[in-house]
Amino acid sequence: MVVNGREDGPVLNISAGCHGDDGMGSDTGRSLIGIAAQQPDRLVHVTSVTDGKGGMPALGERLSPEDIDAAVTYVRLAFVQEDEMNELPRTGASDWIIGLG
């Protein structure tokens, strides 16, 4: 995995420690699968990572705002439930990608 141009950087090491390498969760961290659908407001997600929430520790003093932003972006895009794929907003990008084939 690459976040902010760094493979297996500090953000992923911290996240995998609690949420599992596959994002499926563990005894110490919830599953990240479908997190964007469960929390549609991206700012709330960034704030939760920065300030902590529930059992999740605050990472704002350990990670830069750029690393937190990159991690939230990655998690929200990488851990999408399969049934959510059809509900993503149409941007026209899929038409462009299909047109390349």
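Biologist: In which helix is the place of Thr50?
Modeller: This is a predicted model, in which local features need a pLDDT of at least 70 and side-chain atom pairs count only at pLDDT 80 or more, while totals for chains, interfaces and linings use all residues. Residues are numbered from 1 along each chain as its sequence is written, and side-chain values use heavy atoms, with hydrogens and water left out. Helices (H or I, at least four residues) and strands (E, at least two) are DSSP runs numbered from the N terminus, and by that numbering the place of Thr50 is in helix H3.

Biologist: Is Thr50 buried, partly exposed or exposed?
Modeller: A residue is called buried under 20% relative accessible area, exposed over 50%, and partly exposed in between, with a 1.4 Å probe and protein chains only. The relative accessible area of Thr50 is 25%, and therefore Thr50 counts as partly exposed.

Biologist: Which residues does Thr50 touch, leaving aside those up to four places away in sequence?
Modeller: Touching here means a contact, that is, heavy atoms within 4.5 Å. With residues up to four places away in sequence set aside, Thr50 touches Ala58, Leu59, Gly60 and Ile68.

Biologist: How many ångströms lie between the backbone oxygen of Val46 and a polar atom of the side chain of Thr50?
Modeller: This is a polar contact, a pair of N or O atoms within 3.5 Å; within protein, one must be able to donate a hydrogen and the other to accept it, and residues adjacent in sequence count only if both atoms are side-chain atoms. From the backbone oxygen of Val46 to the polar side-chain atom of Thr50, the distance is 2.8 Å.

Biologist: Why are the buried residues of H3 said to be on the same side, and what arc do they cover?
Modeller: Helix H3 runs over residues 42–51, and in this helix His45, Val46, Ser48 and Val49 are buried. They are placed on the same side of H3 because of the arc they cover around the axis, which is only 160°. That arc is taken over the directions from the helix axis to the C-beta atoms, and on the other side of H3 the exposed residues are Leu43 and Asp51. To repeat the arc covered by the buried residues, it is 160°.

Biologist: Which helices are included in what covers the buried residues of H3?
Modeller: At the start of H3, a side-chain oxygen of Asp41 reaches to within 3.0 Å of the backbone nitrogen of Leu43, and H3 is followed by Gly52, whose phi is positive, near 85°. As for the buried residues of H3, what covers them includes H2 and H4.

Biologist: Which elements give two or more residues to the largest nonpolar core?
Modeller: A nonpolar core is a set of buried Ala, Val, Leu, Ile, Met, Phe, Trp, Tyr and Cys residues joined through side-chain atoms within 4.5 Å. The largest has 6 residues in all, namely Val46, Val49, Leu59, Leu63, Ile68 and Val72. The elements that give two or more residues to this core are H3 and H4.

Biologist: What span should the 14 residues of helix H4 have?
Modeller: Helix H4 covers residues 65–78, and its buried residues are Asp67, Ile68, Ala70, Ala71, Val72, Val75 and Arg76. The expected span of a helix is 1.5 Å times one less than its number of residues. The end C-alpha atoms of H4 are 20 Å apart, which agrees with the expected span of 20 Å.

Biologist: Which residues does Ile14 touch, not counting those up to four places away in sequence?
Modeller: Ile14 is found in helix H1 and is partly exposed, with a relative accessible area of 22%. Its C-alpha atom is separated by 9.2 Å from that of Leu59, although the two residues are 45 apart along the chain. Beyond four places in sequence, Ile14 touches Leu59, Arg62 and Leu63.

Biologist: Which residue has its backbone oxygen 2.7 Å from a polar atom of the side chain of His19?
Modeller: His19 lies in helix H1, residues 10–19, and is buried, with a relative accessible area of 12%. The backbone oxygen found 2.7 Å from a polar side-chain atom of His19 belongs to Arg30.

Biologist: Which pattern does the protein follow along the sequence?
Modeller: The secondary structure comes to 5 helices and 2 strands, and of the 101 residues 26% count as buried. Read along the sequence, the pattern is β-β-α-α-α-α-α.
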